[in-house]
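Please open the structure in your viewer and keep the sequence panel beside it. The tour below proceeds by selection, each stop saying what to pick and what is to be found there.

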Amino acid sequence: MPPLAPQANLAAPGFEVPRALPPLNIAPAMLSDPALKPVAAKLRAGQRLNFEDGLALMLSHDLLGLGAMAHAARLAKNGRKTYYVVNRHINYSNVCTNRCRFCAFWRDAGGEDAYLLEPKQAAEMAAEHPNLPIAELHIVGSCHPDIPFSYYLELLSALAQARPGAALKAFTPVEIDHMASDAGLSPDQALDQLQAAGLGAMPGGGAEIFSPRVRAELCPEKTSGQRWLAISGMAHERGIPTNATMLYGHIETPAERVEHLLALRGQQDISGGFSAFIPLAYHPANTELGGSGATSGLDDLRVIAVSRLLLDNLDHIKAYWVMLSPKLAQVALNFGADDLDGTIVEERITHEAGATTAKGMTEAEMRGMVQSAGLEPVRRDAFYNSLEPA
Ligand code: V47
């Protein structure tokens, strides 16, 4: 199946689409899988990879070969800089009508531990730890069946007041789609109002895998892949940067992964506002879908490496330590990733699904992970501005 066609959005004047990768210096001797050699030749020539190249990468077991190519791409994009953000996650509600089969976070309205935070309660959480230099509030919830649109505006205003120094990175394209349609607004109209209330950036959740086959099986109620891309493009048009994700390690095929990555690349060619890509490793505990266990370390590193190579027009690839474990996330910094995400304080979505990692990390721990990998830690804000002293 060909990649999904990206949605045609107006050019996003606030963003410059990052240039494709420069020619990379990859010695043929680094590769043991013959299928990687033609891909490496294209990378050496500075050519863009296509679907067949992506599939060869995604099927390869030559982890060191993949890592060598992806690390060269990472060094070309970001040098040894390795980003992290002092942030806090706040999940305003877990009541969700989508009932995705891979998700352990959602509850039905009225369920035992269903909750909805009042804007005031969320603001109190944001104001905790006043001495932490929190640069970003990561706000994600659910598709709640009966929240008025005014709630989301009040939530943003309350958070902005409680933590004026922090950017509000809030609401996935799926949540925007849901809240807009409930309120009888178009996503464009909803984004305008949210931006006026303080929305500064958007997280990349809800993308899952764009394949209609997989969505029909795992999350038939959810916003389609095409709409997810289109709403991301609408945010970019307004100068709101967003992230992109891919949930992998469930029922998707290698080809569906590659199609997903190429659809993101196509959208980025048009609207240019994706800041970072975050592969999300499926955690099966407490989900309806279930599954035999966690993703393998080889697959985690392969997805990071292939993402770095295919997404030549995105600047940053995150190794999300919550899902990968800090140890593997540190290794991933040599397999294409240049960002560890954040300090988080309290992660809930992956922990409901069985994550055994800590719920948050200190800045010192994050810097230590980077430094002991021989790389250069850079504290950033939500927009990848460096917050280090010059
Ligand atoms: O949207 C749900 C995924 C996402 C499971 O943009 C699961 O900076 C694994 O999007 N196993 C939320 N994943 C996390 C997310 C995110 C995280 C960190 C940074 C950013 C960013 C975004 O987690 C959901 C869904 O795609 N998810 N259930 C599960 N069982």
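A polar contact, as the term is used here, is a pair of N or O atoms within 3.5 Å; within protein, one must be able to donate a hydrogen and the other to accept it, and residues adjacent in sequence count only if both atoms are side-chain atoms. The model is a predicted one, in which local features need pLDDT of at least 70 and side-chain atom pairs count only at pLDDT 80 or more, whereas totals for chains, interfaces and linings use all residues. Residues are numbered from 1 along each chain as its sequence is written, and side-chain values use heavy atoms, with hydrogens and water left out.

**The ligand and its shell**

Begin by selecting the ligand, and then Gly-205, where a backbone N or O atom lies 3.4 Å from an oxygen atom of the ligand. Add Asn-243, which has an N or O atom in its side chain 2.9 Å from a ligand oxygen atom, and then Lys-318, whose polar side-chain atom lies 2.6 Å from an oxygen atom of the ligand. On its own the ligand has 610 Å² of accessible area, and the protein covers 96% of that area, as computed by the Shrake-Rupley method with a 1.4 Å probe (for residues, only the protein chains shown count as cover).

Now extend the selection to the residues near the ligand, meaning those with a heavy atom within 4 Å of it. There are 23 residues around the ligand, and Phe-102, Lys-169, Glu-208, His-283 and Lys-318 come nearest. If you colour this shell by residue class, you will find 12 nonpolar, 7 polar and 4 charged residues; Ala, Val, Leu, Ile, Met, Phe, Trp, Tyr, Cys and Pro count as nonpolar, Asp, Glu, Lys and Arg as charged, and the others, Gly among them, as polar. Strands β6 (242–248) and β7 (274–281) each supply at least two residues of the shell, the strands (E, at least two residues) and helices (H or I, at least four) being DSSP runs numbered from the N terminus.

**Two residues with positive phi**

Stay with Glu-208, which is found in the loop between β5 (199–201) and α8 (212–218). Its phi is near 50 degrees, a positive value in a residue other than glycine. Is Glu-208 buried or exposed? Glu-208 counts as buried because its relative accessibility is 8%, where buried means under 20% relative accessible area, exposed over 50%, and partly exposed in between (1.4 Å probe, protein chains only).

Next select Asp-341 in strand β9, which covers residues 339–342. Here too phi is positive in a residue other than glycine, with a value near 65 degrees, and Asp-341 is buried, with a relative accessible area of 4%.

**Further stops along the chain**

Move to helix α14 (residues 349–352) and pick Thr-350, which at 3% relative accessibility counts as buried. Show the side chain of Glu-347 as well, since a polar contact of 2.8 Å joins it to the side chain of Thr-350.

Strand β10 (residues 376–380) holds Val-378, a residue that counts as buried at 2% relative accessibility. Draw a C-alpha to C-alpha distance from Val-378 to Lys-37, and you will span 34 Å in space between residues that are 341 apart in sequence.

In strand β2 (residues 87–90), select His-89, which is buried with a relative accessible area of 7%. His-89 and Gly-184 are 95 residues apart in sequence, and their C-alpha atoms are 29 Å apart in space.

From there go to Arg-107, in the loop between β2 and α4 (119–127), which counts as buried at 18% relative accessibility. The C-alpha atom of Arg-107 is separated by 6.1 Å from that of Cys-96, 11 residues apart along the chain.

End the tour at Ser-150 in helix α5 (residues 149–162). Ser-150 is partly exposed, because its relative accessible area is 35%, and its C-alpha atom is separated by 27 Å from that of Gln-226, 76 residues apart along the chain.
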